[in-house]
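Thanks for asking me to look this over with you. Below are some numbered points to read with the model open beside you.

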Amino acid sequence: VHLNYLDLSNNKFSQEIPSQLGKLFHLSQLDLSHNSLDGKIPSEISNMQSLEMLNLSHNNLSGLIPATFDGMRGLLYVNVSYNHLQGPIPNNKAFQDAHSFEGNVGLCGNVVGLESCNKHVSKRKNNRKLVFAIVFPILGVVLLAFFAIVFIKTRRKKEPETDKSDIHDE
């Protein structure tokens, strides 16, 4: 529990980062770089209020960087480069070096070298508009054709009945 420095880099560790690491409250440096860790970054890491340096680079981590990292005021350096992370970077001074994010195509934020998160939102909105512009007209044509077929079939069924009623009238 009183560990100050933990370097498990350059191993062949795989699977997810254990959330139990968040119990190492006195840890000031954590280096898990150059492994094969996957899954998400556990939000429990933000419980490590003494953490100053975090290196998770060169793994297979995915998902969002936990927003709880915003509150880690003691964090001075973070490197999450060469993973598969996406979404906005936390609003924390440790997340201001663009080199710390290289190799993560989906990250965005107000840091030189990263796209603005507003662009990602507008791209999603444009994609939705495109889907609606394609799907709804097609759906409308299909529904119109369906109702036209139903209408024609019901008229054809009524026409023979009117012929029979004409015969009885004579």
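**Notes for a first look**

1. Let us start with a single residue, His34, which is partly exposed because its relative accessible area is 37%, a value that falls between the cut-offs of 20% for buried and 50% for exposed. Please keep in mind that this is a predicted model. You will find His34 in the loop between strand S3 (29–31) and S4. Its backbone deserves a glance too: His34 is not a glycine, yet its phi is positive, about 55 degrees.

2. A second residue with a positive phi is Gln15, where the angle is near 70 degrees, and Gln15 is likewise a residue other than glycine. Gln15 sits in strand S2. Is Gln15 buried or exposed? With a relative accessible area of 59%, Gln15 is exposed, since the cut-off for that word is over 50%.

3. Now for the sheet as a whole. In what order do the strands of the open sheet run? The order is S2-S4-S6-S8-S9, so named for 5 strands, and the pairing is parallel. At the edges are S2 and strand S9 (106–108), each of which pairs on one side only.

4. Walking across the sheet, begin with strand S2 (residues 14–15), which pairs with S4 in the parallel sense over 2 bridges. If you would like a pair to click on, Ser14 has Ser36 in S4 as its bridge partner.

5. The next step goes from S4 to strand S6 (residues 60–63), again a parallel pairing over 2 bridges. Here the bridge partner of Asp38 is Asn60 in S6. Gly39, for its part, stands opposite Leu61 in S6.

6. From S6 the path leads on to strand S8 (residues 84–88), and these two pair in the parallel sense over 2 bridges. To see this step, look for Gly63 and its bridge partner in S8, Leu85.

7. Which side chains of S4 are buried? Along S4 (residues 36–39) the side chains alternate: Leu37 and Gly39 are buried and point to one face, whereas Ser36 and Asp38 point to the other and are not buried. S6 can be read in a similar manner, for its side chains alternate as well. There, Leu61 and Gly63 point to one face and are buried, while Asn60 and Ser62 point to the other face and are not.

8. Moving off the strands, have a look at Ser46, which is placed in the loop between S4 and strand S5 (53–55). Ser46 counts as buried because its relative accessibility is 9%, and the cut-off for buried is under 20%. Which residues does Ser46 touch, leaving aside its neighbours within four places in sequence? They are Thr68, Phe69 and Met72. With Thr68 there is a polar contact from side chain to side chain, at 3.1 Å.

9. Phe69 brings us to the aromatic rings. The structure holds 3 aromatic pairs. One of them joins Phe69 and Phe95 in a tilted arrangement, with 6.1 Å from centre to centre and 55 degrees between the planes. This pair links distant parts of the chain, 26 residues apart: Phe69 is in the loop between S6 and strand S7 (77–79), and Phe95 is in the loop between S8 and S9. Phe69 is buried, as its relative accessible area is 1%, and Phe95 counts as buried at 0% relative accessibility.

10. Phe95 also pairs with Phe101, and this aromatic pair is stacked, at 6.2 Å centre to centre and with 15 degrees between the planes. Why does that pair count as stacked? The word applies because planes under 30 degrees apart count as stacked. Phe101 counts as buried too, at 2% relative accessibility. Taken together, ring pairs link Phe69, Phe95 and Phe101 into a cluster.

Methods
Residues numbered from 1 in each chain as written. Predicted model: local features only at pLDDT ≥ 70, side-chain atom pairs only at ≥ 80, totals over all residues. Heavy atoms only, no water. Buried < 20%, exposed > 50% of the residue type's maximum accessible area, 1.4 Å probe, protein only. Helix = DSSP H or I, 4+ residues; strand = E, 2+ residues; numbered from the N terminus. Pairing = 2+ DSSP bridges. Polar contact = N/O pair within 3.5 Å; in protein donor to acceptor, adjacent residues only side chain to side chain. Contact = heavy atoms within 4.5 Å. Phe/Tyr/Trp six-rings, centres within 6.5 Å; stacked < 30°, edge-to-face > 60°.
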